[in-house]
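Reader: I should like to learn how to read the features of a protein model in order, from the overall fold to single residues. Could you take me through one example?

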Amino acid sequence: MAYRLAARLDDLWSGEMVGVSVGGRRLVLVNLEGEVHAYEDRCAHLGVALSGGRLAGGMLTCPAHEWCYDARSGRGINPKTASLRRVAVRVEGDEIWVDVDAPAGAGG
């Protein structure tokens, strides 16, 4: 695994999300109570950037057609058959690192 710096925790407070580009891949980072999750920044429906949507109550909502995902697991809430592509993430000190070289995995 080859992790790359994606952001600093100061740029992603608890309860927030941010879109970033790392190694040519667009990602959305989500901070839920200090736990950071990373996904490809695209809705499973039409590929719309999720970073332009909403994060509320642990739910990530697409701005285009309101598809909803559990921000902790990437699993679809509406519809349940959808899932986000997870990217490995780790936090070291105040830095958020992601592994964009590993194959993207389905949520969950």
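Author: The discussion below goes from the whole chain to individual residues. Please keep in mind that the model is predicted.

Reader: Which secondary-structure elements does the chain contain, and how many helices and strands are there?

Author: The chain has 0 helices and 11 strands. Read from the N terminus, the elements run β-β-β-β-β-β-β-β-β-β-β.

Reader: How does the radius of gyration of the chain agree with that of a compact globule?

Author: The chain has 108 residues, and a compact globule with that number would have a radius of gyration near 13 Å; the value for the chain is 13 Å, which agrees. Along the principal axes, the C-alpha atoms fill a box of roughly 35 × 25 × 20 Å. Buried residues account for 38% of the 108 residues. Of the contacts between residues at least 6 apart in sequence, 43% join residues at least 24 apart.

Reader: How should one read the pairing of strands in a sheet, and what is the order of the strands in the open sheet here?

Author: Strands of a sheet pair through backbone hydrogen bonds, in either a parallel or an antiparallel sense. In this model, 4 strands form an open sheet in the order 5-6-7-8, with antiparallel pairing. Strand 5 (54-56) and strand 8 (76-78) are the edge strands, each pairing on one side only. On average, neighbouring strands of this sheet are turned by 30° against each other, direction ignored. Strand 7 (residues 68-70) pairs with strand 8 over 2 bridges, and cysteine 68 has asparagine 78 in strand 8 as its bridge partner.

Reader: Over how many bridges do strand 2 and strand 3 pair?

Author: Strand 2 (residues 17-22) and strand 3 pair in the antiparallel sense over 6 bridges. One of the bridge pairs joins valine 22 to arginine 25 in strand 3. The hairpin of these strands has 2 residues between them, and glycine 23 there takes a positive phi near 60°.

Reader: What does one look for in backbone torsions, and which residues other than glycine have a positive phi?

Author: Most residues other than glycine have a negative phi, and most peptide bonds are trans. Among the residues that depart from this pattern is glutamate 33, with a phi near 55°. Glutamate 33 is in the loop between strand 3 and strand 4 and counts as exposed, at 71% relative accessibility. Another is glutamate 66, with a phi near 65°. Glutamate 66 is in the loop between strand 6 (59-61) and strand 7 and is partly exposed, with a relative accessible area of 38%.

Reader: Which residues does a cis peptide bond join?

Author: A cis peptide bond joins asparagine 78 and proline 79, with omega about 0°. Proline 79 lies in the loop between strand 8 and strand 9 (85-92).

Reader: Why does the count of disulfides leave out cysteine 43?

Author: A disulfide requires two cysteine sulfur atoms within 2.5 Å. The closest cysteine sulfur to that of cysteine 43 is in cysteine 62, 3.8 Å away, and is therefore too far for a bond. Cysteine 68 is also in no disulfide, since the nearest cysteine sulfur, that of cysteine 62, is 9.0 Å away. By this rule the count comes to 0 disulfides. Cysteine 43 is buried, with a relative accessible area of 2%, and cysteine 68 is buried at 11%.

Reader: Where does valine 48 lie, and which residues does valine 48 touch?

Author: Valine 48 lies in the loop between strand 4 (35-40) and strand 5. Valine 48 is partly exposed, with a relative accessible area of 28%. Not counting residues up to four places away in sequence, valine 48 touches Asp41, Arg42, Cys43, Cys62, Pro63 and Ala64. Although valine 48 and cysteine 62 are 14 residues apart in sequence, their C-alpha atoms are 7.3 Å apart in space.

Reader: Is asparagine 31 buried or exposed, and what does its side chain reach?

Author: Asparagine 31 counts as buried because its relative accessible area is 4%, and buried means under 20%. Asparagine 31 lies in strand 3 (residues 25-32), and its side chain reaches the backbone oxygen of leucine 12 at 2.9 Å. Leaving aside neighbours within four places in sequence, asparagine 31 is in contact with Leu9, Leu12, Trp13, Ser14, Gly15, Glu16 and Val36.

How values were computed: Residues are numbered from 1 along each chain as its sequence is written. This is a predicted model: local features need pLDDT of at least 70, side-chain atom pairs count only at pLDDT 80 or more; totals for chains, interfaces and linings use all residues. Side-chain values use heavy atoms; hydrogens and water are left out. Two strands pair if DSSP finds at least two bridges between them. Axes are lines fitted to C-alpha atoms, for helices over the stretch in contact, and angles run from 0 to 180 degrees between N-to-C directions. Buried means under 20% relative accessible area, exposed over 50%, partly exposed in between (1.4 Å probe, protein chains only). A polar contact is a pair of N or O atoms within 3.5 Å; within protein, one must be able to donate a hydrogen and the other to accept it, and residues adjacent in sequence count only if both atoms are side-chain atoms. Contact means heavy atoms within 4.5 Å. The radius of gyration is taken over C-alpha atoms; the globule rule is 2.2 Å times the number of residues to the power 0.38.
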